[in-house]
Each structure stands twice: as structure tokens, then as C-alpha cells.
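Biologist: I'm new to reading protein structures. Could you walk me through one, feature by feature?

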Amino acid sequence: MGKYQKFILVIFALALILVPTISPVFAVTENTQPTSKSIGALYLSNWKNMQAIWKSSQLNQLDNSNNGPRLGELHFSSDWSTNQIVDYSGFFRDETNAVKYDQIHGFSTNTFLDSNGISNSQYQNYNGSNLPVSISRNYAMVPNQNFVVVQYNIANTSASTISWNVLDQVHFANKNSSVNQNASYDAGRNAIINDMSASGQPFMALGALQAPTSYQVGNDSDSNVADAQAGAWYSFDNNGTLNNNSSVIAKDVDAAFQNTVSIPANSTATLYYYLVVDTSLSAIQSDIDAIRAQSGSYWFSQTRSKWTDWLNSGKRVNTTDTGINTTYDRNLIVMKDTQNPSSGAFPAATNPGAYGYYVWARDAAFSAMALDAAGHYYEAEQYWKWMASIQNTDGSFHTRFDLWTSENTNFVEPEHDSIGAFLLGVYNHIKLTGKSADDPFVTMIWPKIQLSANFVKNNINNQLSLGPADNSIWEENYNYWTFTQGMYVAGLNAAQKLALIENNRVEADNWSKTAGRITSGIQDNIWNTAGYFNQGINQSTLAPISKFDSSTDALFGWGALDPASSRASSHIKNIVNNLTHDTWGIARYSGDAFYYSSLYNPAGNESGPDSPEPVWPQMGNYVLLFKLYTGHPDEAFTRLQYYVQRSFFGYMPPGEAVSYYYQTPIVSTAAEPLTAASFIMSCLAYANEFDGRVIAPQYDAGTYQYVNVTNNAAGDWQKWSSVPYFVHQLNDTKPSDTHIKNVAISNDATNIYIRVDNTSGKLAGFNSTTRFAIQVYSEDYNHNTAATSSAAGMYGNLDRPMSYMAARWSDSNNYAKFHFSDGRWAYDYGISNVIAPQWDTNTGRIEMVIPISEFTSSGSVGIGSYAYLNIALIRQDPTTGQWTQDDLQPIHYRITSNTDSWIYGNTR
């Protein structure tokens with residue numbers, strides 16, 4: 001069964017891009033608000049060697065553990081897998097009214113990470129009753145320091161003074177129950193230090209930054225309040241004070257400080273405590289001295305400053321909706337806090353109640369991509385190094401790993417979509433950071449890229465022309481899933497570009513061929529004639545799996561297929577019509593019972609009554625992406641707002657899903673770094689700050705299709721409707737009239753037919769400014785070694801040596817044939833047996849017929865023969881008269897018969 005069937009996270013990230021011709025449409029200033037539902041758990045990190053997990057009273061609706069809001073875990077790099085604490089909690093008494101609030105599982109809280117990296121925990125009611133004061137227990141895990149500082153703000157809004165009593169207590173963990181720990185109170189430092197070394201653990205200390213009313217070094221197993229060493233909570237519960245016991249040797253140790261504060265009417269009392277961990281007594285004493293040299297407010301200020309600097313070191317967004325901007329910042333903070341600072345890995349969710357402490361290689365890869373997109377390259381590179389380190393020797397990846405040890409946990413193998421995510425993410429990282437081939441990171445990771453790309457190449461299903469089957473994305477069966485196939489194509493496109501950085505033409509060409517085969521398999525075998533891409537193909541029967549599945553939208557997200565194609569438009573329409581709930585929410589697939597009636601739900605039915613198919617924020621962002629591609633930024637903006645509206649209190653990211661019945665996020669698998677990543681990349685794509693697509697630098701192609709080209713180009717375009725086309729590179733700075741948008745190509749028994757669309761949608765008329773030319777260079781289709789060639793074109797560089805060229809200039813009627821000879825492109829003659837290239841001034845389209853014989857040394861060529869072509873657009877500077885090659889599209893073209901399967905790009 002799949003990950004969901006085993007209470008384990010799967011999630012799928014969204015591929016996000018920018019469209020350079022679209023400017024965001026901003027509405028009037030808004031402040032979209034999240035829901036009032038609070039998150040169940042959050043990670044905190046010091047960025048160096050420590051992570052803690054804050055937990056609510058109830059991790060999910062089935063959690064009956066009777067815990068309260070607390071730091072429930074603290075992990076340290078000397079032994080990452082050990083939780084060093086049982087809990088670190090706050091307890092209260094109202095001494096004025098003689099009411100105890102120390103059964104803290106009765107507290108509800110609203111908890112969130114604010115935009116300064118401070119974890120705010122606002123205590124709400126207690127067992128359904130309001131409190132006489134307002135309490136917040138806030139946590140500052142100071143970056144690059146070995147401690148967390150806790151701040152209590154107790155606000156008295158009543159008309160009279162109140163006496164309020166606070167117990168701040170840590171219960172230490174002991175991973176070896178046969179040995180004792182040794183804790184003592186250091187009066188000079190006002191701290192309780194616990195030597196945990198006998199159990200193979202570090203030293204820990206609890207300190208107070210104000211004079212305590214009382215303190216206790218206690219044996220947590222001793223509930224007899226008459227004993228001096230009794231556990232601190234028992235004494236506090238008994239009479240509101242502690243025994244001031246200064247030392248204990250026990251297997252079960254707690255440490256606590258108690259402060260009673262008198263709070264005048266309409267005033268606030270603030271208390272500070274801290275929890276510190278280090279490897280030795282001298283080290284922890286030094287830490288305590290450093291903490292005590294400053295105030296609690298100083299450490300909160302330091303934390304805020306460090307987080308602000310970190311956010312500013314990357315990309316920020318500034319839309320007119322402050323809710324979107326705030327959500328973006330806080331989602332980034334959640335992601336960094338969640339990343340293990342040693343390994344760079346990301347857990348599936350901050351809430352460990354359902355998915356534990358597992359890392360999915362695929363999911364975490366998309367999280368790293370978002371950090372790269374946001375300009376936080378150090379964190380992203382940590383992950384790419386980790387992913388390279390856990391790669392299998394054949395280039396594949398295991399599915400799931402332990403966050404603390406990085407060990408494989410043997411779950412639902414294989415999930416090969418991680419291969420595409422790895423190739424894609426590493427390329428984007430190298431592109432965004434500008435790394436060259438001799439950079440140590442590139443040198444290290446290039447052999448890993450080769451292994452992964454060649455794993456796909458070497459495991460093609462020849463019958464289907466698809467990459468290897470796997471269990472992704474929803475981990476329910478072993479099949480040919482459309483999501484994985486799209487990731488293969490995107491990853492191979494990225495691998496090609498990395499090969500060119502490495503100047504390895506052989507690998508680039510091989511991976512181009514593989515990408516072409518898989519693209520053709522998707523178009524031929526996965527397309528449903530009802531107008532959408534199937535969920536996949538059954539591995540055993542080879543029958544289509546025809547469910548509507550929004551993960552298939554990834555085909556358009558990372559550059560595998562063009563969103564401007566007719567199939568993309570039809571597909572998205574079907575997805576929206578069949579999987580929409582809650583106006584803007586998109587479900588995973590038709591009939592999805594997860595979080596609803598499935599026996600394998602993480603926490604029962606969280607979707608709500610009569611509410612199957614809960615919506616997944618990432619899936620809605622796929623549609624956002626499509627709308628952005630196709631010129632609807634207004635709807636994209638609305639979908640960003642929808643994400644905010646379905647976030648947790650304090651703008652915390654959702655988990656996997658949202659209940660459209662309750663209109664709130666589902667708590668059991670939240671917060672999810674991957675969901676946050678999808679929003680981060682969506683925001684950056686909307687703001688034109690990120691383009692995640694990787695377009696193939698070269699395509700394989702081959703289609704048997706006659707095109708009747710006439711001298712009325714404007715009337716010819718419908719004739720090209722069935723000819724596959726190939727998208728050119730995006731977002732470069734070439735002049736738009738001579739910037740290639742896409743190329744269509746086919747052949748019949750005699751000719752090759754080429755259509756080029758530019759990005760401007762216009763061209764100058766005959767012999768008018770700005771003059772242009774189209775040139776098509778080719779290898780010898782006969783591959784005669786005597787044919788001379790050059791990688792230098794007439795007006796610019798080619799991608800490889802070429803022997804022949806056919807061209808027309810816009811100021812000439814001559815359709816010219818050239819060959820390379822004696823160090824130059826020599827004119828042969830005017831091609832007269834076919835119509836000269838034609839163009840349409842109102843659409844920016846050019847069409848061209850080239851006799852196949854013009855690209856051969858013998859005049860004939862066999863069916864199935866390949867040659868590399870370079871299709872170039874040339875422009876004349878109207879001032880200087882100089883001609884310049886502005887753009888180039890490489891195509892590896894196969895002469896195709898009328899019985900051959902086509903090699904696809906996209907369909908119009």
C-alpha cells in the first residue's frame with residue numbers, strides 16, 4: 001500500500017515559473033487573513049546544532065496523551081536521534097482567586113512563528129473557561145547559540161491587582177534508565193545544571209534571568225511533597241512554592257523555577273528563563289555566563305535581528321496584499337527552522353504525530369528548490385549535498401530516510417520521481433548561483449547527475465516509450481505514473497544543460513534522445529481523447545488509468561510540456577471542472593478518500609461529513625501556474641490569497657490538505673515544508689522573480705507530415721495544427737522579433753518543413769526595417785566524413801559543426817544554399833524547386849520548405865536517418881547595417897516515414 005495507507009506523507013511539489021511577458025496585476029491594498037485554527041507542532045532551530053519541537057496539547061483529533069502546550073523535544077548534534085527532554089512547560093496559579101491552572105493539557109493555544117523568527121504561543125481558554133489574565137509563552141532559539149530563551153508575558157486587563165504564579169519546568173530525558181543523572185543548582189549563576197553524561201547525553205541547564213521566588217532540583221518520579229527532592233510540579237500544585245532543593249542524583253530528573261508576580265491593573269509582567277545544552281560542564285558554564293551577560297529582551301532582539309538579516313539576504317515579495325507578504329516570510333522561516341542544520345534534510349511535516357521524523361527524498365528536493373528560488377543558496381546546497389550522499393549506486397534513490405540519522409527506512413520502493421527532482425533542482429541551483437564546471441560543488445555532483453540521468457536512459461520501456469515504472473506520486477501502486485514521467489523529462493532537460501556546462505556533448509545528446517522518447521510516450525500513450533492526460537498506465541495490463549489527477553499538471557510546471565498547447569488548455573479545464581472544491585481548492589484525484597473515509601487516515605476523518613476529496617494547496621498552485629503562463633495574473637493573485645485564507649493562525653503553512661467543509665487546514669500533517677515551498681515559488685513566479693522551468697537546449701524530433709506552404713503565409717497556419725512543435729528557451733534578452741518562441745518541424749518523402757514563431761508576434765515586411773533572415777544549418781545526413789564542417793555560423797556560433805545551410809534574407813527573393821568550404825560559408829546556388837521561405841508580418845511566423853537532398857552529400861537519405869540541425873534567426877542593425885545571429889534552436893531530426901511513430905514535443 002502507499003504512503004498514505006501507512007500514515008506516511010506523500011506530497012508533490014509544484015513546479016513554478018515566471019512568464020516574462022506578463023506583469024502582475026495588483027489590486028488595491030489588502031490584508032488577507034488566515035484561519036483562526038492553530039498549528040499542532042512547529043520546529044525551532046539555532047541554525048547550527050540544535051532543534052526543538054513545540055507541541056500543542058493535542059497533535060491531532062485522536063491524540064489523547066494529556067500533554068499540554070510545551071517544548072516537547074530538543075535534539076542536539078552530539079546525538080541527533082535522542083530527544084534530550086520529556087517536556088519543557090509552563091504552569092500557572094492565580095493566587096488572588098485561589099485557582100490552579102497546572103493541568104496544562106486543558107489549555108488551548110494559538111501558536112505561530114512570527115516574521116522575526118520568534119515562536120509565539122498565546123494561551124487561550126482553560127478547559128473551556130476564560131483566563132483572568134492574558135498569557136503568552138514565547139520562544140527565541142537564538143541563531144548560532146546553544147540555548148533557547150523563553151519569555152512569559154502576563155497581561156492583567158482587569159481593574160485590580162492580581163497575584164500570578166508561574167512554574168517554569170524542564171523534565172529531562174534519560175535514554176539509559178539503568179544510570180543516574182546528576183543535577184545541581186549553581187546559585188552564582190542562578191541555573192540548574194544537569195550532568196547527563198552517564199547516560200551518554202550532553203549537559204543541560206535551566207536558568208532564570210530574574211531572581212526566582214523558589215527553585216527545585218527534583219526527582220520527577222517522587223510525588224511525595226514532604227520529600228525535599230520531590231518533583232517540582234507536585235510541590236507547585238500543592239502550595240505554589242518549590243522546596244529549594246539544590247541537588248539530586250536520580251534516573252528521572254526535573255528542574256524548575258517559580259516566580260510569583262504582582263501585576264497591577266492594566267499592566268503586564270514579563271519573565272525570562274532559558275534552556276541550554278552543551279557537551280561539557282565548562283562549556284555549559286560558559287554558555288550560561290554569556291546568556292547572563294545580557295537581558296532576556298536582548299536575546300529576543302538578537303534573534304529578531306538575525307532572522308531579519310536572513311530574510312533580507314534572499315528575495316522578499318512586496319505585493320499589495322500584506323497577508324501574502326507575511327505568509328511568504330513566515331513560510332520561509334518555518335522551512336529554515338525545519339531543516340536539520342547538520343544534514344540539510346527536511347522532515348515531511350513539523351507535526352510528528354502522523355509522519356514521525358521521516359524525510360522523503362523527493363519532497364525535500366522541492367523544499368530545497370524553493371530555498372534556491374528565494375535566494376537562500378546555502379540552505380539549498382546543504383540539501384543537494386545530502387541528496388547526493390544518499391544516492392544509490394545505480395543513480396536511483398531510496399524513498400524515505402530518518403531525519404536524525406539519514407538512514408534509509410525502507411518504505412514503498414521505488415519512487416523514481418526523486419530522480420527528476422534531483423536533476424532539476426541541482427541544475428536550478430547551479431544556474432541561480434552561477435557556478436562553473438570547476439566549482440567544487442559542481443565537480444562533486446556531476447558524477448551523481450550522470451548516474452541518475454543514465455538510470456532513466458537505461459531503463460526505458462520500449463513498448464510504451466516511457467521511463468521506468470514506480471510507486472509515485474501517491475504511493476498506491478507500481479505503475480507508469482504521469483507525474484513521474486513528466487519529472488523524467490524535466491530532469492533530463494536539466495541534465496542536458498548540466499552536460500553542456502561540463503562540455504560533455506555525448507551525454508547531452510543521449511539524454512536529449514531519452515527525453516524525446518518519453519515525451520512521445522506521454523503524448524501517444526497517456527493522452528486521453530476525452531481531453532486530458534490520464535493519471536498513468538497500468539504496469540501489468542498497459543491499460544490507461546483514467547482518473548482525473550491534478551498531479552499531472554506538473555507536465556506544464558517544470559517545462560516538460562507547453563502550457564500554451566491545446567492539450568494543456570483542455571487538460572486544465574478538465575482538472576478544474578472535476579476536482580474543484582471551496583471555489584479555488586483543487587483535490588488530488590477523483591474519488592480520493594484520504595483524510596475522509598480511508599482506513600489509513602492519519603487521524604480519522606479530518607475532511608468533514610460528506611466531504612471526500614479534500615483539497616491540496618499544492619494542487620491549486622498548479623492551476624495558479626497555468627493561469628500565470630496563459631495571461632491571467634489576476635486569477636493567480638486570487639489563488640495566492642486563497643492559500644493565505646486557508647493557512648493556520650499566524651499565517652503558518654498548511655499541511656497536505658484543507659477541509660473544504662470546515663474551510664480550515666487539516667492539522668495532522670502540518671506544517672509541511674513542501675506546502676510552504678509551493679507557496680514560496682508561487683509568490684516568486686507571480687512577482688517575476690523566479691522561473692523554474694528547464695527547457696531542453698536541444699530536442700529530438702521526427703514527424704511525417706506534408707505541409708502545403710504557399711506565398712500567402714497568413715492563410716497557411718492552420719495547416720501546421722497537427723505538426724508537433726518545440727518550445728525555445730525562455731527569458732533571455734534577445735530582441736523579440738528575432739527571439740524564437742517555438743519551432744515546428746516535419747518531413748515527407750522529399751522535403752523537411754519548418755515553422756518558426758517569434759516572441760513578438762510581428763515581423764517587418766519585405767525589405768523593411770528591421771531586416772531579418774532565417775538560416776537552417778545541418779550536418780550531412782549521409783554522415784560522409786569527407787564533408788567539411790564548422791561550428792562557426794555565418795553570423796554567430798553554432799552548437800556543433802555543420803556542413804550545409806539554407807537561408808533567406810527579408811530583403812531578398814533568393815532562397816540560398818551554402819556549404820562550408822575553405823574556412824567559410826560558400827554560396828552554392830538559389831534553391832528553386834520549392835517555394836522560398838515565407839513569413840507573416842502580423843503573427844511573427846516564418847515557414848520554410850527544405851529539400852532533404854540539400855542536406856546530403858549523396859543526394860539521397862534513408863528513412864530513419866538523423867542529423868543535427870541549427871535553426872537561426874538573424875537581424876540587421878538598421879544603423880550599422882551589420883548582421884547578427886540573435887537566436888538558435890538545435891534540433892536532432894529524424895527522417896520519418898508514414899508508418900513511424902512521431903517524436904513529440906507539443907501539439908497546437
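Modeller: Sure, and let's begin with a term: buried means under 20% relative accessible area, exposed over 50%, and partly exposed in between, with a 1.4 Å probe and protein chains only. Strands (E, at least two residues) and helices (H or I, at least four) are DSSP runs, numbered from the N terminus. This is a predicted model, where local features need pLDDT of at least 70 and side-chain atom pairs count only at pLDDT 80 or more, while totals for chains, interfaces and linings use all residues. Residues are numbered from 1 along each chain as its sequence is written, and side-chain values use heavy atoms, leaving out hydrogens and water.

Biologist: Okay, how many residues of strand β17 are buried?

Modeller: In β17, residues 267–278, 9 of the 12 are buried, so the rest of the structure largely encloses this strand. Over the protein chain, buried residues make up 64% of the 908.

Biologist: Which strands does β17 pair with?

Modeller: Two strands pair if DSSP finds at least two bridges between them. β9 (residues 147–156) pairs with β17 in the antiparallel sense over 10 bridges, with Tyr152 opposite Leu271. β13 (residues 203–208) is also antiparallel to β17, over 6 bridges. There, Ala205 has Val276 as its bridge partner, and Phe203 has Asp278.

Biologist: What order do the strands of the sheet follow?

Modeller: It's an open sheet of 9 strands with antiparallel pairing, ordered β6-β7-β8-β9-β17-β13-β12-β11-β15. The edge strands, β6 (107–113) and β15 (247–250), each pair on one side only.

Biologist: And which helix lies across β17?

Modeller: For angles, fit lines to C-alpha atoms, for helices over the stretch in contact, and read from 0 to 180 degrees between N-to-C directions. Contact means heavy atoms within 4.5 Å. Helix α2 (residues 281–292) lies across β9, β12 (191–195), β13 and β17, at about 155° to β17.

Biologist: What about nonpolar cores?

Modeller: In soluble globular proteins, nonpolar side chains tend to be buried together. A nonpolar core is a set of buried Ala, Val, Leu, Ile, Met, Phe, Trp, Tyr and Cys residues joined through side-chain atoms within 4.5 Å. Here the largest has 200 residues, and Trp164, Tyr383, Trp384 and Met387 have the most contacts inside it. A second, separate core of 46 residues includes Trp720, Tyr781, Trp839 and Leu869.

Biologist: Last one: how many helices and strands are there in the protein chain?

Modeller: The chain has 16 helices and 42 strands.
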